[in-house]
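I opened the notebook to record what I looked up in this structure. The topics are a sheet, salt bridges and empty space.

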Amino acid sequence: MNQQPLSGVTVITLAVNLPGPLAAARLASLGARVVKVEPPIGDPLSLYVTDYYKELAAGQEVVTIDLKSPEGVQQFDQLAKEADILLTAMRPKAARVLGIPDTVDKYGLVHVEIVGFAGDRADVPGHDLTYQAAHKTLIPGTMPTVPVADVLGGEHAALQALAGLREKENRGADVAGGIVKRVVLDEAAQWAAGPARHGLTGPGTRLGGAAPEYRTYATQDGHIAVACLEPHFAKALAEQLGSEHEELETAFASQPTAHWVEFAHTHDLPIEPIAV
């Protein structure tokens with residue numbers, strides 16, 4: 001049996017909601033042992049979307065600990081003693097109240113600290129919606145389909161955990177203290193917003209509907225996504241159906257989705273039905 005990259009690595013996660021569980025799931029998929037520590041009220045994600053919560057927590061050890069009680073502090077200390085990585089998603093002042101920095105230094109943990117903002121705003125509250133609002137990935141009057149700051153933040157957190165392990169390995173066993181890697185969700189939103197910020201995506205841009213060969217179209221019984229962006233794809237599409245928006249709109253509306261799936265297969269074109 002092949003050994004996974006993080007076999008033998010233990011992760012404790014105190015992070016609830018979304019970015020932290022995403023990061024923990026990613027580390028677990030790489031072979032880490034993950035101990036998910038939840039407060040007595042549980043992880044809010046389990047109340048909002050139970051199936052998704054179960055998907056992300058699959059294969060993890062879930063324990064309930066009240067970190068505000070003396071007994072809970074002792075339980076957490078015992079877990080931390082055997083751990084390599086600690087994931088948190090709380091404001092720094094809350095972490096200090098719980099004594100997290102001291103525990104990290106005491107046991108030389110790699111602490112991946114997921115926060116909303118950087119610098120002086122580190123203790124300012126926020127969520128994916130507010131991070132996206134600041135970086136032009138929201139269209140006023142609509143809600144995002146995917147919480148991109150949370151998702152990308154979770155991936156960044158997993159990456160920083162790996163970077164922290166490597167840093168700890170490189171510094172040698174004789175150097176005491178923990179390693180702190182801060183993941184800022186506002187910065188994750190800014191990173192994700194790069195295409196919109198530079199005019200690649202968004203209403204009226206090339207990837208935002210202005211290019212007839214790269215947009216969605218209604219069919220006779222549903223909708224499809226047409227992504228014939230490269231010149232050879234665009235040329236093939238134009239030869240078969242036309243190159244103007246109106247031509248393509250009329251053509252796609254004349255047949256059911258299944259017809260266009262077969263059409264895409266026949267002509268080797270990137271066209272997919274839109275799942276609903």
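The entries below go through these topics in turn.

**Entry 1: the model.** I noted at the start that this is a predicted model.

**Entry 2: the sheet.** I looked up an open sheet and found three strands in the order β7-β8-β9, with antiparallel pairing. Its edge strands are β7 (214-218) and β9 (271-273), each of which pairs on one side only. I also took the average turn between neighbouring strands of this sheet, which is 20° with direction ignored.

I then went to the pairing of β8 with β9. Strand β8 covers residues 223-227 and pairs with β9 in the antiparallel sense, over three bridges. Which residue of β9 stands opposite Ala225? I found Glu272 there. Next I checked what packs on the sheet, and found helix α12 (residues 245-253), which touches β7 and β8. The direction of α12 makes about 40° with that of β7.

**Entry 3: salt bridges.** How many salt bridges does the structure hold? I recorded 10 salt bridges. I followed up several of them.

The side chains of Glu155 and Arg26 meet at 2.9 Å, N to O. Glu155 sits in helix α8 (residues 148-171) and Arg26 in helix α1 (residues 19-29), so this salt bridge ties together parts that are 129 residues apart in sequence. I checked accessibility for both partners. Glu155 has 32% relative accessibility and therefore counts as partly exposed. Arg26 has 40% and also counts as partly exposed.

I went on to Arg96 and Asp123, which form a salt bridge with their closest N and O atoms 4.0 Å apart. Arg96 is in helix α5 (residues 92-97), while Asp123 is in the loop between β5 (110-115) and α7 (128-133), and the two are 27 residues apart. Arg96 is exposed, because its relative accessible area of 52% is over the 50% limit. Asp123 is partly exposed, with 25%.

Lys181 and Glu167 were next, and their closest N and O atoms are 2.7 Å apart in a salt bridge. Lys181 lies in strand β6 (residues 179-184) and Glu167 in helix α8, so the pair joins parts that are 14 residues apart in sequence. Is Lys181 buried or exposed? Lys181 is buried, because its relative accessible area of 18% is under the 20% limit. Its partner Glu167 is partly exposed, at 37%.

I also wrote down a network of salt bridges that links Lys36, Glu38 and Asp43.

**Entry 4: the largest pocket.** I looked up the volume of the largest pocket, which is about 1,100 Å³. Its lining consists of 38 residues, and Leu14, Val16, Asn17, Ala89 and Met90 lie nearest its centre. The elements giving two or more residues to this lining are β2 (33-38), α2 (44-48), α5, β5 and α7. I had met α5 already as the helix that holds Arg96.

**Entry 5: the cavity.** I counted one cavity of 30 Å³ or more. About 40 Å³ of space lies in the largest cavity. Which residues line the largest cavity? I listed Pro21, Lys36, Asp43, Leu45, Tyr53, Leu56, Ala57 and Gln60. Lys36 and Asp43 in this list also belong to the salt-bridge network noted above. Helix α3 (residues 50-57) gives the largest share of the cavity lining, three residues.

How values were computed. Residues are numbered from 1 along each chain as its sequence is written. This is a predicted model: local features need pLDDT of at least 70, side-chain atom pairs count only at pLDDT 80 or more; totals for chains, interfaces and linings use all residues. Side-chain values use heavy atoms; hydrogens and water are left out. Two strands pair if DSSP finds at least two bridges between them. Helices (H or I, at least four residues) and strands (E, at least two) are DSSP runs, numbered from the N terminus. Axes are lines fitted to C-alpha atoms, for helices over the stretch in contact, and angles run from 0 to 180 degrees between N-to-C directions. Contact means heavy atoms within 4.5 Å. Buried means under 20% relative accessible area, exposed over 50%, partly exposed in between (1.4 Å probe, protein chains only). On a 1 Å grid over the protein atoms alone, a cavity is a set of points where a 1.4 Å probe fits but cannot get out, and a pocket is an open set with protein on both sides within 12 Å along at least five of seven lines; lining residues have an atom within 4 Å of a point. Grid points are joined across faces, edges and corners, and a volume is the space filled by probe spheres set on the points.
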